[in-house]
Structures are given as C-alpha cells and as structure tokens.
Amino acid sequence: MTTKVKAAIIGSGNIGTDLLYKALRSDVIEPVWMVGIDPDSEGLKRAKELGLKTTADGVQGMEPHIVDDKVRIAWDATSAYVHESNNELVKKYGVKMVDLTPAAIGPFCVPPVNLQEMVGRAVQNVNMVTCGGQATIPMVAAVSRVQPVEYAEIIATVSSKSAGPGTRKNIDEFTRTTAKGVEVVGGADRGKAIIIINPAEPPLMMRDTIHCLTKDAPKEQEIIESAQQMIAEVQKYVPGYSLKNGPVFDGNRVSFFMEVEGLGDFLPKYAGNLDIMTAAGLRTAELIAEEIQRAEAA
Amino acid sequence: MNLEGKKVTLHDMSLRDGMHPQRHQLTAEQMVQVATALDAAGVPLIEVTHGDGLGGASVNYGFPAASDEEYLRAVVPRMKRAKISALLIPGIGTVDHLRMAHDCGVRTIRVATHCTEADVSEQHIVLGAKMEMDTVGFLMMAHMIEPEQLLEQAKLMQGYGANCIYVTDSAGYMLPDHVTAHVGHLREKLNADVEVGFHGHHNLHLGIANSLAAVEAGAARVDGSVAGMGAGAGNTPLEVFVAVLHRMGVETGVDMWKLMDVAEEIVYPMMTHKVRVDRDSLTLGYAGVYSSFLLHAKRAAEKYGLKSTDILVELGRLKTVGGQEDMIEDVALDMKKAGAQE
C-alpha cells in the first residue's frame, strides 16, 4: 500500500479547521501539522485532540520539523497579507502550496475546469481564487467550452455569519480576484464579480447567479448538457452544489441560479461559500499528492 | 414643530437615484442639462453615478447609456457653485472607481453598505478620508434595525474617517417616529464634528414628513430629488421640501422658484417611467423592500406572467437586501414553478 502524503494546514481559523476534518477523510493525504498564531484557538485545540502536531508560533514554529515530518504539501488558510512570506518559507523545503487566500501568487485553480492542467505543469504554488470564484467559474467555463462568451458576470450572496473579517476588510480583493478568474479560468473575454452580504436570520444558504453574454445566439441544448456535466463534476467534491433555476436563455444572455450547501464538517451547512473553498483546496492537494506518489513509485 | 433658524444642506439625487426609473439611460447631455440648472438654482450638492453607484454597470443592475467616467467628466467642469458627489457600494465598486471619481474632480464620496455590514466600507472610507474628500457613510435599509444597532455600525464608519453618516430609508418604509429615533440617536452619540444625514423614499408619501423629522432630530444633510426622480416612488421631492423648509424658516440657499422650473420644464418631460406611488411602489414601502427592485420586478412579472406585487412581497419575506436584484428573476421562476404545480 502506498503511504499517504503528509501535509500541513497553515491557519487555524474557520477555513483551516474545516479543511482539517475533510483532510482526515482523505485516502491520499495525511494532515500532520496545524499552524496557528493564537495558542487558545479552537482550531489548534481540535487539531491536537485529533493527533496532529501544532504550533502557535506561525510557520516558523513548524520550520524545524518540515523535513523530519516529511511535510510535502501545505495549505495556506491565513490571509493575503502573510501568504507570500509563508510560501517563501515552505518553498525552501520543496513543499507544494495550495493557497486559499486571495493573494494569487500562483496560477488560479478551479478543480473541474483546470486541475489536471495545473498538476501537469508541476507548479509549486496554486491559488484557489475565491469562494465566489469556485462556485461560479465552472458554470462560465461550461458555457465558454460550447461557444465564445464575450462577457460573464457573477453575483455571489453569502450570509453575514459566513463572511469573515479578512473578506470584509478587503472586499475589493474578492471582486477583483473573482472577476479575473472569470476571465482567465472561466474563459470569458471580460468578467465582472459582485458580492452581497445578507444578515438574514436564520442565515441564508450561499447563492450564486451567473450571467453569460454569448457572442452569437446561445446553443441552448449544448449549453444545457455542458452545464449538467459540469455540475456533476463539482458535486463530486461539493455534493450540495445545485442548480436552483435556469439556465434562462434571453437573447444572448444565459443565466444560472445556483445554491451551495456545505457539508457542515466544522462550518454550518449554510456556509457553502467556505465549504466549497476547503473542498476545492483538498481536491487540488489530493491530485498533487497522487502526482508525488507516482513520482516516488517510479 | 419648530425648525426656525436651522440650517440644512440639500443633496440632489435625480442624476443617481433617478437613474433607476430611467433604467440608467440618461445621457451625459441630459445630466449636464439637469445639473447646470440645479447649480443655477443654488442646489449645493448633486450626485452623479450609475443608480447602483460607481461600477454598477452590469447585467444585474443594467448597463447605462454612458460610463461613470463619461458622466462625471461631462458634468463636473460645468459646475459654477455646486459640488458633484458619487456613490460607491463596496462589493460592486472598488477603490479603483473611487480614485477614478476623484481624478474626475469628485470631492464628496458616499460609501454605502447594508445597515448591518458597515465593516466592508473600511478600505473605501479610509481612502476617501486620506484623499481629503468629504467622506460619507451611507447605511442602507436602516429600517431593519434598532437605533442602538445602527449606532454601532455608524461608529465603525466614523472610526474609519467618515465625516458624515446617513440614515438611509432605502425601502421608504420608515415612519416619522422611526426617523426621529434613528437620527436623534446618531446625533446624540456620534462625535460632534460628524454630521448626520437622512435619505428618504416617497413610497408611503412620507418623504417630506420624514425629512422634517430628520431635521428636527439634528440631521444637517438631507437628500431629495428634483421632481422626485428616484427609485420606487422616488426620493423626497426636492422642490416641495424646499418650499416647506422656507415656510418653516429653515435656510437652504436654494431658489425655490428656479428649482420648481427645473422639475416642471426639464425633469418631468425627461421621465420615461413616470415616478409616482403606484401599487408596486406602495408595496415596497409597505413590505420594506429595496426601492430599486421596482422596475426589475415589473419586468419579471410581465415575462413570467405573475403579479409584480406578489414578487415584491416575497422578496420582502426573504429579507433581501440592496443589490440582490438577481433574486428577482430567481423568485419569479420559483413562483412560476409553484404556480404550475398547483
């Protein structure tokens, strides 16, 4: 039996902790380290109880153990501000990085669209765009693989409780990074992203609207089939990803109305926006791990 | 009510909020025509942007006849006394838009968030204040929370550097007593050098009454719109408000006679959708729904064979907030499905 590839989670907040639960179920990855900066954080406590090594001294706290503990992959679930220095540190030890912050040093990765391509390129650092990007870019790509899309616009609505301080403090990062992902990975000539935070109680499920303006009249049947296949691909790692309404065809406009229910591992089910990030981050890391296993077997 | 001797700065919304009933199709020439006439009438502040603020051009809200930059570059240099403001809703517009507006000569920036989400405005308010702009925090749908909660959010904006905070009745739902409580509480608890403002909608025909309540409670700035051209049943009709304020001995610096000519001769004839209290805009005010949803709901109702008032009531029940225009077609599709099953 092949041994699992060892990995570290940097960041012990909501995202890092949710990722921990998902990673523990993986067949190819074994999370061995959880890195935080607050010794009292819930995430570090839970990680310790679950048998991981932990440090509250940031990546420097883990640095002396990276080689001995065979850490090959790291997820960064901290913030865009510190991602670069975290990445520089682990890179020295040949660790591959899956970046869940909006720092976007490395190329964007949206698993059902370009994960294979990403792994083939053997890049050291891949970026997971944004939660809104993970939830919408697949649908833009589902249309653009059928025919040219001149413009795509996504509107992500998340509950107040699921929008963390990092997102709020730098909301422009979300709109810019997502819009860029809609273009680069989604395949639209021009992209636009809008985010809405809604405080309703009980918290609403993440919803996403995707509008594509096709260059020529939309090929309705082909788009419907392509969209169904794409949704099935996303559902492999986010079972609660669903088409609520649409596609609506109105002239050259093609619109999808999606809902994203999370698995509820650590974060509540309504926080589909956070869940889709952690699930996509795990899926990406698993493919990198399989690549590592293959290289070592050879 | 005695307002004798009070001063209030009036802010015209026809070229921003008025973009909603015009489906964002006002041309740059029309904007120049209205703005120069408002300037000549002595209106001190005039907002010019897409109805949903800088960067609002989209499938979701509507593509405008010209870009924000084209509008601003056309209007700003033509002003003799009036200042031009711009609206920015974080999540839609970014600091890049803010810099662009500043470059066009805009010196008043109004950063708008839902009333409970003020912390998304930090980047934009900090930058506005840093560029020494008149920086305003605009708390939308203020009817949804209590004065104490609104104050917490207002204090965040004050902390980022806003020099004026607005109580914004986006749904035209508030009654005069609510306005008194909200504005009064902010006036009492915010720093003395931070102004308080009020932005009303006329959906229950309370634009004037609510604005008077705001002035009495300490608002130093009040929004209105010449001929009432704004979302829903419009904003507080500015020429009417000026007439009432003058009767009550409040100084505005605006020439009422000239302003009523602007309304009658320029703005009313321009309206492609006659702004009034119809059953849909009345529903907005009664159910507490974001005023800009009006025409979107009318269109969805027509397209899917539904009643627009039903769609609006459902949007209110779902506690939608400003900017969620994408929910309108979604809700209409749900209602159509449910109708087909019956």
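Which residue is the bridge partner of A:F249 in strand 11 of chain A? Select A:F249 and look across to strand 11 of chain A: the partner is A:V254. The model on screen is a predicted one.

**Stop 1: the hairpin in chain A**

Stay with strand 10 and strand 11 of chain A. The two strands pair in the antiparallel sense, over eight bridges. Two residues sit between the strands of this hairpin. Select A:G251 there, and check its backbone torsions: its phi is positive, near 65°.

**Stop 2: the sheet around it**

Now widen the selection to strands 7 to 11 of chain A. They form an open sheet of five strands with mixed pairing, in the order 8-7-9-11-10. Its edges are strand 8 and strand 10 of chain A, each of which pairs on one side only. From one strand to the next, the twist averages 15°.

Inside the sheet, strand 9 of chain A runs antiparallel to strand 11 of chain A, and eight bridges join the two. Two residue pairs can be picked out here. A:I210 has A:F256 as its bridge partner in strand 11 of chain A, and A:D208 stands opposite A:M258 in that strand.

Add helix 6 of chain A, residues 131–144, which packs on the sheet. This helix touches strand 7, strand 8, strand 9 and strand 11 of chain A, and its direction makes about 30° with that of strand 9. Then add helix 9 of chain A, residues 220–235, which also packs on the sheet. Helix 9 touches strand 10 and strand 11 of chain A, with its direction at about 165° to that of strand 10.

**Stop 3: where chain A meets chain B**

Show both chains and select the residues in contact between them: 26 residues from chain A and 24 residues from chain B. On the side of chain A, the elements that supply at least two residues each include strand 7 (149–159), helix 7 (165–169), helix 8 (171–184) and strand 8 (188–198). Strand 9 (206–214), strand 10 (240–250) and strand 11 (253–261) of chain A are also among them. Which element gives the largest share of this side? Strand 8 of chain A does, with six residues. Coloured by class, the side of chain A that touches chain B shows 10 nonpolar, eight polar and eight charged residues.

**Stop 4: the barrel in chain B**

Move to chain B and select strands 1 to 8. They make a closed barrel of eight strands that runs 1-2-3-4-5-6-7-8, with parallel pairing. Neighbouring strands are turned by 25° against each other on average, direction ignored.

For one pair in detail, take strand 4 (residues 108–114) and strand 5 (residues 134–140) of chain B, which pair in the parallel sense over seven bridges. Within this region, B:V111 stands opposite B:G137 in strand 5 of chain B.

**Stop 5: the two domains of chain B**

Colour chain B by its domain assignment: domain 1 covers 9–270 and domain 2 covers 279–341. Their centres, taken over C-alpha atoms, are separated by 25 Å. The contact between them takes 23 residues from domain 1 of chain B and 16 residues from domain 2 of chain B. On the side of domain 1 that touches domain 2, 11 residues are nonpolar, 11 are polar and one is charged.

**Stop 6: the core**

Select the largest nonpolar core, which has 204 residues. A:V140 and B:L139 have the most contacts inside this core. Helix 10 of chain A, residues 272–297, gives the most to the core, with nine residues.

Centre on B:L139. Leaving aside neighbours within four places in sequence, its contacts include B:T113, B:C115, B:A118, B:L150 and B:Q153. Also among them are B:A154, B:I165, B:Y166, B:V167 and B:T168.

**Stop 7: two single residues**

Select A:I9, in strand 1 (residues 5–10) of chain A. Is A:I9 buried or exposed? A:I9 is buried, because 29 other C-beta atoms lie within 10 Å and the cut-off for buried is 20 or more. Beyond its neighbours within four places in sequence, A:I9 is in contact with residues including A:G16, A:L19, A:L20, A:P31 and A:W75. A:A77 is another of its contacts; the C-alpha atoms of A:I9 and A:A77 are separated by 7.4 Å, although the two are 68 residues apart along the chain.

Finish at B:M270, in helix 9 (residues 256–270) of chain B. B:M270 counts as partly exposed because it has 17 C-beta neighbours inside 10 Å. From B:M270 to B:A35 the C-alpha to C-alpha distance is 14 Å, with their positions 235 residues apart in sequence.

Terms used: Residues are numbered from 1 along each chain as its sequence is written. Chains are lettered from A and ligands numbered from 1 in the order in which they are written. This is a predicted model: local features need pLDDT of at least 70, side-chain atom pairs count only at pLDDT 80 or more; totals for chains, interfaces and linings use all residues. A nonpolar core is a set of buried Ala, Val, Leu, Ile, Met, Phe, Trp, Tyr and Cys residues joined through C-beta atoms within 7 Å. A residue is buried if 20 or more other C-beta atoms lie within 10 Å of its own, exposed if 12 or fewer, and partly exposed in between; C-beta atoms are placed from the backbone. Helices (H or I, at least four residues) and strands (E, at least two) are DSSP runs, numbered from the N terminus. Two residues are in contact if their C-beta atoms, placed from the backbone, lie within 7 Å. Ala, Val, Leu, Ile, Met, Phe, Trp, Tyr, Cys and Pro count as nonpolar, Asp, Glu, Lys and Arg as charged, and the others, Gly among them, as polar. Domain bounds come from an automatic or database domain assignment. Two strands pair if DSSP finds at least two bridges between them. Axes are lines fitted to C-alpha atoms, for helices over the stretch in contact, and angles run from 0 to 180 degrees between N-to-C directions.
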